[in-house]
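Thanks for coming. Please have a look at the sequence and the structure on the screen, and then I will go through a few parts of it.

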Amino acid sequence: MVTVWTVRVLTLFPEMFPGPLGVSLAGKALENGVWALETVDIRGFARDKHRSVDDTPFGGGPGMVMRPDVLEAALVAAAGDPESPERGRVLYLSPRGRVLDRELVRELAAEPRVTLLCGRYEGVDERVIEAQRLEEVSLGDFVLSGGEPAALVLIDACVRLLPGVMGNAETAGEESFERGLLEYPHYTRPALWTDGRGQTRAVPEVLLSGHHEKVDAWRLAEAERITRARRPDLWSRYAEAHQAEWDRLAARRSRRRRNGKVDGGTGDTVRSGDKSEGQVS
Ligand code: 9WO
């Protein structure tokens, strides 16, 4: 092993790690040394006899705030001085942060090491965010009871991009998301399934046809239909990226019609309208 992607997690609850990352593909990869996890117990850096890591907020208000002196000691021990070039990226999981996306996951998975600070209570003293140049990263617009579950999610997303973690069946570049689309629907046996209320449901015919080009075309059309209906934001970016290509195809079809050719299309007859996905524009 030449490179071991190493994640250091600073937390008051080290027993939460590796947690769900200790099983399945991520767990195997952890055992096999594809990635390494180091937890740092923030409480180990408390100085007073009560080992306190938090205190009441200046200005009043509910709850407690994590102390900057304790956090600085933990961060410097875990990652080094903020000026040090080999320190690597240090992230603070917080709803105030840059929203995690594929792009940031790719960046982080490409780093040799990443340090994650997990907050508890009402958060950390603002000055340690500045002094330690913490990058705030959010999973979305919701509040957790602490940063740990968010750290687990972030690590999972990174680990599955590491070479040798996933089977070659699902290499990262082949996923629908990498094309800017949501996933197409999946089906397995039995081909005819009677659900618990006695309704028999069939797998779409084309998937049983063994015609790989038709299967691919159907899956693309389904991924497009679902994306357009559920995620207009993703759909506009995708449509923008493909507009020129669609214009070329439309121009070719109208030329062929003028020349008296019958447009047989792609043989794909289920591109739209056969399933309800709410309002589409
Ligand atoms: C708690 C709280 C209670 C009363 C009034 C305001 C309050 N704010 C918070 C709060 O934001 N607590 C955070 C808990 C402090 C930092 C760690 N915690 C956290 C991280 N909650 N949610 C996240 C998180 C991280 C990444 N993506 C989504 C949510």
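E107 sits in helix α3, which covers residues 102–110. This is a predicted model, so please keep that in mind throughout. Is E107 buried or exposed? The count is 12 other C-beta atoms within 10 Å. A residue with 12 or fewer is called exposed, so E107 is exposed. Along the chain, E107 and V165 are 58 residues apart, and their C-alpha atoms are separated by 17 Å.

Next, the loop between β1 and α1. Strand β1 is 5–11 and helix α1 is 24–31, and G22 lies in the loop between them. P20 has its place in that loop between β1 and α1 as well. G22 has 13 C-beta neighbours inside 10 Å, so G22 counts as partly exposed. For P20 the number is 15 inside 10 Å, and P20 also counts as partly exposed. What does G22 touch, if we leave out residues up to four places away in sequence? The answer is G27 and L30. As for P20, I looked at its separation from E213: 193 residues in sequence, and 38 Å in space from C-alpha to C-alpha.

Now some strands. Strand β5 is residues 89–99, and β6 is residues 113–117; the two pair in the parallel sense, over four bridges. One residue to find on the screen is V90, whose bridge partner in β6 is T115. How many bridges join β5 to β7, residues 135–138? There are five, and β5 and β7 run parallel. In that pairing, L93 stands opposite V137 of β7.

Strand β5 comes up again at the ligand. It supplies three residues of the shell around the ligand, the largest share. The shell has 17 residues, and those that come nearest are G119, G123, L139, L144 and A150. By type, eight residues of the shell are nonpolar, eight are polar and one is charged.

A150 takes us to helix α5, because A150 is on the list of buried residues there: E148, A150, A151, L152, L154, I155, C158 and V159. Helix α5 runs over residues 148–159, which is twelve residues. From first C-alpha to last, α5 reaches 16 Å, close to the 16 Å expected at 1.5 Å a residue.

The same check can be made on helix α6, residues 212–230. What span should its 19 residues have at 1.5 Å a residue? The expected value is 27 Å, and the end C-alpha atoms are 27 Å apart, so the two agree. The buried residues in α6 are W218, E222, A223, E224, R225, T227 and R228. Part of what covers them is α7, 232–258.

Last, the whole protein. There are seven helices and nine strands. The radius of gyration is 25 Å, while the globule rule gives 19 Å for 281 residues; 25 Å is well over that, so the protein is more spread out than a compact globule. Along its principal axes, the C-alpha trace spans about 85 × 45 × 40 Å. Of the 281 residues, 23% count as buried. Finally, take the contacts between residues at least 6 apart in sequence: 74% of them join residues at least 24 apart.

That is what I have for today.

Notes:
Residues numbered from 1 in each chain as written. Predicted model: local features only at pLDDT ≥ 70, side-chain atom pairs only at ≥ 80, totals over all residues. Pairing = 2+ DSSP bridges. Near = placed C-beta within 6 Å. Nonpolar A, V, L, I, M, F, W, Y, C, P; charged D, E, K, R; others polar. Expected span 1.5 Å × (residues − 1). Buried ≥ 20, exposed ≤ 12 C-beta atoms within 10 Å, placed from the backbone. Contact = placed C-beta atoms within 7 Å. Rg over C-alpha atoms; globule rule 2.2 N^0.38 Å.
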